[in-house]
Amino acid sequence: MTPEFGTWWTAPAESDNGLLIMVTGRKDIEKFRTNPRFSIRVEVSWPYTPLADGMPDKETSEMMEQVQDALQAEFRKDPVAVLTGIFTGDGRRDWVFYTTSTHIFGRKLNEQLAPFPLLPLEISAENDPDWEAYDEMATAEIALD
C-alpha cells in the first residue's frame with residue numbers, strides 16, 4: 001500500500017505477541033507541525049479478524065483502502081487534518097491524524113464514511129502539541145537508515 005498524498009516511508013515492526021505490524025509514516029509534515037493549530041492527535045482504529053500473519057483479508061484490506069482514500073481526498077481539499085501514520089497488523093489498522101478541531105474532524109469523518117456500511121471503528125483523541133507520538137513513530141524510519 002502506498003498512500004496517495006504526501007511522501008511516505010514504510011517499516012516493519014513487531015507487536016507484543018510477535019506478529020508483524022507494518023508502520024507507514026508521512027515525511028512531509030513540517031507545514032502542519034509548525035502550525036500550532038494542529039495540536040490534536042486523533043487515532044481512528046479498525047479492529048478486524050486477522051489472517052494467520054496478523055494482516056486483514058483481501059476484502060477488508062480493500063475496504064480499508066477505500067475509506068483511507070476518501071479521508072485523504074477530503075483532508076487534501078479542506079486541510080483541517082493531516083494523516084501522519086498508518087499501522088496495520090495484529091488484528092487492527094490505526095490511522096493517525098493531527099487536526100485543528102475534533103468537532104470539524106468528526107463531522108468530516110462522518111460525511112466521508114456515510115457511503116460505506118457501518119464500520120467497527122474506534123476513535124480516540126489527545127492533545128499532542130509537540131507531536132511526541134509522531135516522533136516516536138518516526139524512530140522506526142530512522143532505524144532503517
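This is a quick look at helix H2 and strand S4 in a predicted model.

Let's start with the helix. H2 covers residues 58-77, which makes 20 residues. From its first C-alpha to its last it reaches 29 Å, close to the 28 Å expected at 1.5 Å a residue. At the N-terminal end, Asp57 acts as the cap: one of its side-chain oxygens sits 3.2 Å from the backbone nitrogen of Glu59.

Which residues of H2 are buried? They are Thr60, Met64, Val67, Gln68, Ala70, Leu71, Gln72, Glu74 and Phe75. In an α-helix there are 3.6 residues a turn, so residues three or four places apart point the same way. The buried residues of H2 pack against four strands and a helix, namely S1 (8-14), S3 (40-47), S4 (81-89), S5 (92-99) and H3 (102-113).

One of those partners, S4, deserves its own look. Eight of its nine residues are buried, so S4 is largely enclosed by the rest of the structure. S4 also pairs with strands S2 and S5, as set out here.

| Strand pair | Bridges | Direction | Example of facing residues |
|---|---|---|---|
| S2 (residues 20-26) and S4 | Five bridges | antiparallel | Val23 and Phe87 |
| S4 and S5 | Eight bridges | antiparallel | Ala81 and Thr99 |

S4 and S5 form a hairpin with two residues between the strands, and Asp90 takes a positive phi near 55 degrees there.

Put together, S4 is packed against by buried residues of H2 and is bridged to S2 and to S5.

Technical notes
Residues numbered from 1 in each chain as written. Predicted model: local features only at pLDDT ≥ 70, side-chain atom pairs only at ≥ 80, totals over all residues. Heavy atoms only, no water. Expected span 1.5 Å × (residues − 1). Buried < 20%, exposed > 50% of the residue type's maximum accessible area, 1.4 Å probe, protein only. Contact = heavy atoms within 4.5 Å. Polar contact = N/O pair within 3.5 Å; in protein donor to acceptor, adjacent residues only side chain to side chain. Pairing = 2+ DSSP bridges.
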